[in-house]
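User: Hi! Could you walk me through this structure with a few questions and answers?

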Amino acid sequence: VITCKAAVMWEANKPFSIEEVEVAPPKAHEVRIKIVATGICRSDDHVVTGGLVMPFPIILGHEAAGVVESVGQGVTSIQPGDKVIPLFIPQCGECSSCLSTKGNLCSKNDIGSAAGLMPDGTTRFTCKGKAIHHFLGTSTFTEYTVVHETAVAKIDSAAPLEKVCLIGCGFSTGYGAAVQTAKVEPGSTCAIFGLGGVGLSVVMGCKAAGASRIIAVDINSDKFAKAKELGATDCVNPKDFKKPIHEVLIEMTGPGVDYSFEVIGRTETMAAALACCQYNYGVSVIVGVPPAAQMITFDPMLLFTGRTWKGSIFGGWKSKDAVPKLVADYMKKKFVLDPLITHTLPFTKINEGFDLLRTGK
C-alpha cells in the first residue's frame, strides 16, 4: 500500500480537500501509476456542481500523464517505468463498440453507470478509514492511482508529460470531434460554441481539416484572441446581438454552416448549434457533457429537412489505439498544445485552479 496526497471531494459544492490517502496495490490486470501532471477539465467541475452525477466521496481528475509504478498479475503490455496516459474511455477490444469500426465507447466505461469503482466493483482508495470512489476509472487528482490495463496507454518515453497530459481528454476530445466525428472537409464552414480548452481544440481540428471559415462563439470576448491565433476566422459574442445567435450565424454564412459544435454542455446552445447548420446537409456535434436531468425541446422539422445531429465522446478515438499515435503526432509537431496551457500550479493549489476555470481564465 502506498500512502500519498490526493485531492478528495467529500461532498458536492465544497472545495477539494488535500488528504493523505492509502492506494492499494494493483490487482490482476491493473496498473498503478505515479501521476506527474494532470489537467483540470470542466467535466470534473460538473461533478462538483451536480451537473454530472457521481457518488461521493470521490477522487476526481481524468486528464493526466504519469509513470507506471507497478503492475498486477497478468499485465504484459505495460511495465514499471513506462510513461503512460490513463484513459477515461477504456478499450477492452471485445465489446460491440470496440469491435465496430464505427464505435469508440467501450462498454467497460463508467460514464453511464457512474458506479465510481474499479471493474471488479471495489475501490483502491481509502482515506480516514473510508472507501473513496474512483472517477471514470482514472482518478488523477492524486499522486498515485490504479487503473485497469484496458484504461491505460503507453506513450513515447521522450514525451513531456506536463504537455501531453492534455491528450488524455481536452485536446483529443475537441480535435477528434472535428476530424473524426464530423469529418470536416476542406473548404467547409464551421461554428464552435464555447472556447475553453476543448472548444479551442475543435478550432484546431477544423483548421487542420482545411475549413475555409471557422466561426468561434462565446459570451466571454477575452477568449477571442486565442481562438484567432489557433485558426478562427470570425469571433461572435451572442451578447452583442438582439436576435438569437443561430439567426446571426445563418446571416453570416448564407445557408448556415456545414458543421457546428456545441462544446459547453448547455441545452440552449445545443439547440442553437443544430439550428445554425445548413438545413439539408448540415451536421451538428454535441461535445459538451449534457447536464443531468435536463431535457431538450426542439422543432423536429430541423432534422426532417436532412440535418445530422450527433454526439462525440473522447473525439471518436479508440483510446488505446489512438492516444500513442496522437502523442507521436505531437512529437512530430503536427499540432501544438502550449496555447491550451494557461497556468501551471502545484498540486496543493488545485482549488485555485478550479477558481481560474470558473472565472473563465
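User: Thanks! To begin, where is Asn220 found?

Analyst: Happy to help, and please keep in mind that this is a predicted model. Two elements flank Asn220, namely strand S11 (213-217) and helix H6 (224-229). Asn220 is found in the loop between S11 and H6.

User: Which backbone nitrogen does the side chain of Asn220 reach?

Analyst: Let's look at the surroundings of Asn220. Leaving aside its neighbours within four places in sequence, Asn220 is in contact with Asn237 and Gly360. Its side chain also reaches a backbone nitrogen at 3.0 Å, and that nitrogen belongs to Asp222.

User: In what order do the strands of the six-stranded open sheet run?

Analyst: Good one to settle next. The pairing in this sheet is parallel, and its edge strands, each pairing on one side only, are strand S12 (234-236) and strand S15 (308-311). From one strand to the next, the twist averages 15°. The order is S12-S11-S10-S13-S14-S15.

User: Which residue in S15 is the bridge partner of Ile286?

Analyst: Strand S14 (residues 283-286) and S15 run parallel and are joined by four bridges. Within S15, the partner of Ile286 is Gly311.

User: At about what angle does helix H4 run to S13?

Analyst: Two helices are worth viewing together here. Helix H7 (residues 245-253) packs on the sheet and touches strand S10 (189-193), S11 and S12, its direction making about 160° with that of S11. Helix H4 (residues 170-182) lies across strand S13 (259-262), S14 and S15, and its angle to S13 is about 135°.

User: What about the five-stranded open sheet: is its pairing parallel or antiparallel?

Analyst: Its strands come in the order S8-S3-S4-S5-S9, with strand S8 (144-148) and strand S9 (152-154) at the edges. The twist here averages 45° from one strand to the next. Seven bridges join strand S3 (residues 30-38) to strand S4 (residues 64-71), and the pairing in the sheet is antiparallel.

User: Which residue in S4 stands opposite Ile35, and which helix packs on this sheet?

Analyst: Opposite Ile35 in S4 stands Gly66. The helix touches strand S5 (83-86) and S9, and its direction makes about 40° with that of S9. That helix is H10 (residues 319-331).

User: Why does the largest nonpolar core lie between domain 1 and domain 2?

Analyst: This core has 83 residues, and those touching the most other members are Ile167, Phe171, Val184, Cys206 and Phe261. Helix H5 (residues 197-208) supplies the largest share, six residues. The core lies between the domains because both give residues to it: domain 1 (2-170 + 316-359) and domain 2 (182-311).

User: How many residues does the second, separate core have?

Analyst: Its members include Phe193, Val236, Ala273 and Cys276. The number of residues in this second core is 13.

User: Is Phe335 buried or exposed?

Analyst: Phe335 sits in the loop between H10 and helix H11 (350-358). Its contacts include Ile167, Phe171 and Leu326. With a relative accessible area of 8%, which is under the 20% cut-off, Phe335 is buried.

User: Finally, what distance separates the C-alpha atoms of Phe335 and Met204?

Analyst: Phe335 is in contact with Met204, and Phe171 touches both of these residues. Along the chain Phe335 and Met204 are 131 residues apart. Their C-alpha atoms are separated by 8.0 Å.

Conventions:
Residues are numbered from 1 along each chain as its sequence is written. This is a predicted model: local features need pLDDT of at least 70, side-chain atom pairs count only at pLDDT 80 or more; totals for chains, interfaces and linings use all residues. Side-chain values use heavy atoms; hydrogens and water are left out. A nonpolar core is a set of buried Ala, Val, Leu, Ile, Met, Phe, Trp, Tyr and Cys residues joined through side-chain atoms within 4.5 Å. Buried means under 20% relative accessible area, exposed over 50%, partly exposed in between (1.4 Å probe, protein chains only). Domain bounds come from an automatic or database domain assignment. Contact means heavy atoms within 4.5 Å. Two strands pair if DSSP finds at least two bridges between them. Axes are lines fitted to C-alpha atoms, for helices over the stretch in contact, and angles run from 0 to 180 degrees between N-to-C directions. A polar contact is a pair of N or O atoms within 3.5 Å; within protein, one must be able to donate a hydrogen and the other to accept it, and residues adjacent in sequence count only if both atoms are side-chain atoms.
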